[in-house]
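Visitor: I would like to go through this structure term by term. Each label should be set against its cut-off.

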Amino acid sequence: MARPRPIPFDKQKIVAENRRARYDYAIEDKYEAGIALTGTEVKSLRFGEGSIAESYAEVKEGEVWLINANIPEFSHGNRFNHEPKRPRKLLLTAREINKMFGAVMRQGMTLVPLSIYFNGRGRAKVELAIAKGRKAHDKREHEKEKDWKKEQGRLLRQHG
């Protein structure tokens, strides 16, 4: 029996994307998490500034934290500006946090942010994935598989 397709998240405006994550990791589950931000961080994100290329998430004391995400200081932020690489709390349900904690502790998985975006209600969200790291040979195998599927589709369209 095929698994039902997950409902895609309501991404209105994507601010930062971690494209490398889909290559470096085999993604198991995806979650949508809110982020606890200050005012200048939100303004900076609305201007399309921010990077999650080297960032990751970790579970500490029953809370999930986004580590190493870079949201640059807001240009008109004066003394109320924020620290660009501070840890930011992710807002998830207790059930989701427990699931992530179990996956990280027992199965050696990693929490990887895939993108930061604004949803339809104007709230900043993070698409967070539970993923397993790929080794170099796994990456090559994945590339071959992807190319073959592309080629299959091409052949089917030509001769179908």
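The talk below takes up labels in this predicted model and the values behind them.

Visitor: Why is glutamate 61 called exposed?
Guide: Its relative accessible area is 79%. Exposed means over 50%, so glutamate 61 qualifies.

Visitor: What makes asparagine 68 partly exposed?
Guide: Asparagine 68 has 27% relative accessibility. Buried needs under 20% and exposed needs over 50%. The value lies in between, so partly exposed is the label. Asparagine 68 is found in the loop between E4 and E5.

Visitor: And why is glutamine 152 called partly exposed?
Guide: The reasoning is alike. Glutamine 152 comes out at 34% relative accessibility. That is neither under 20% nor over 50%, so glutamine 152 is partly exposed. This residue belongs to helix H4, residues 136–159.

Visitor: How far apart are glutamine 152 and tyrosine 117?
Guide: They are 35 residues apart in sequence. In space the gap is 33 Å, C-alpha to C-alpha.

Visitor: What is noted about phi at glutamate 61 and at asparagine 68?
Guide: Glutamate 61 has a positive phi of about 50°, although it is not a glycine. Asparagine 68, also a residue other than glycine, has phi near 70°. Glycine 48, just after H2, takes a positive phi of about 85°.

Visitor: Where does glutamate 61 lie?
Guide: Glutamate 61 is in the loop between strand E3 (56–60) and strand E4 (63–67). E3 and E4 form a hairpin, with two residues between them.

Visitor: How do you know that E3 and E4 pair?
Guide: Pairing needs at least two bridges. Five bridges join E3 to E4, so they count as paired. The two strands run antiparallel. Across the pair, glutamate 58 stands opposite tryptophan 65 in E4.

Visitor: What makes the side chains of E3 alternate?
Guide: Ala57 and Val59 point to one face and are buried. Tyr56, Glu58 and Lys60 point to the other face and are not buried. In a regular strand, side chains alternate between the two faces of the sheet.

Visitor: Which residues of helix H2 are buried?
Guide: In H2, residues 39–46, they are Thr40, Glu41, Ser44 and Leu45.

Visitor: Why are they said to line one face of the helix?
Guide: Seen down the axis of H2, the buried residues fall within an arc of 140°, so they line one face. They pack against strand E1 (13–17), strand E5 (88–91), strand E6 (110–118) and strand E7 (124–133).

Visitor: Why is arginine 46 said to lie over the face of phenylalanine 118?
Guide: Arginine 46 is at 4.3 Å from the ring centre. The distance limit is within 6 Å, so that part of the test is met. The label also requires a position within 35 degrees of the ring normal.

Visitor: How many aromatic pairs does a search of the whole structure find?
Guide: The search finds one.

Visitor: Which members of the largest nonpolar core touch the most other members?
Guide: Of its 26 residues, they are Val64, Leu90, Leu92 and Met100. The largest share of this core, four residues, comes from E7. Another core of five residues lies apart from it, and includes Ala21, Leu114, Ala129 and Ala131.

Visitor: What is leucine 92 in contact with?
Guide: Neighbours within four places in sequence are left aside. The contacts are then Tyr31, Glu32, Ala33, Val64, Ile97, Met100 and Leu128. Each counts because contact means heavy atoms within 4.5 Å.

Methods
Residues numbered from 1 in each chain as written. Predicted model: local features only at pLDDT ≥ 70, side-chain atom pairs only at ≥ 80, totals over all residues. Heavy atoms only, no water. Buried < 20%, exposed > 50% of the residue type's maximum accessible area, 1.4 Å probe, protein only. Arc of directions from axis to C-beta. Phe/Tyr/Trp six-rings, centres within 6.5 Å; stacked < 30°, edge-to-face > 60°. Core = buried A, V, L, I, M, F, W, Y, C linked by side-chain atoms within 4.5 Å.
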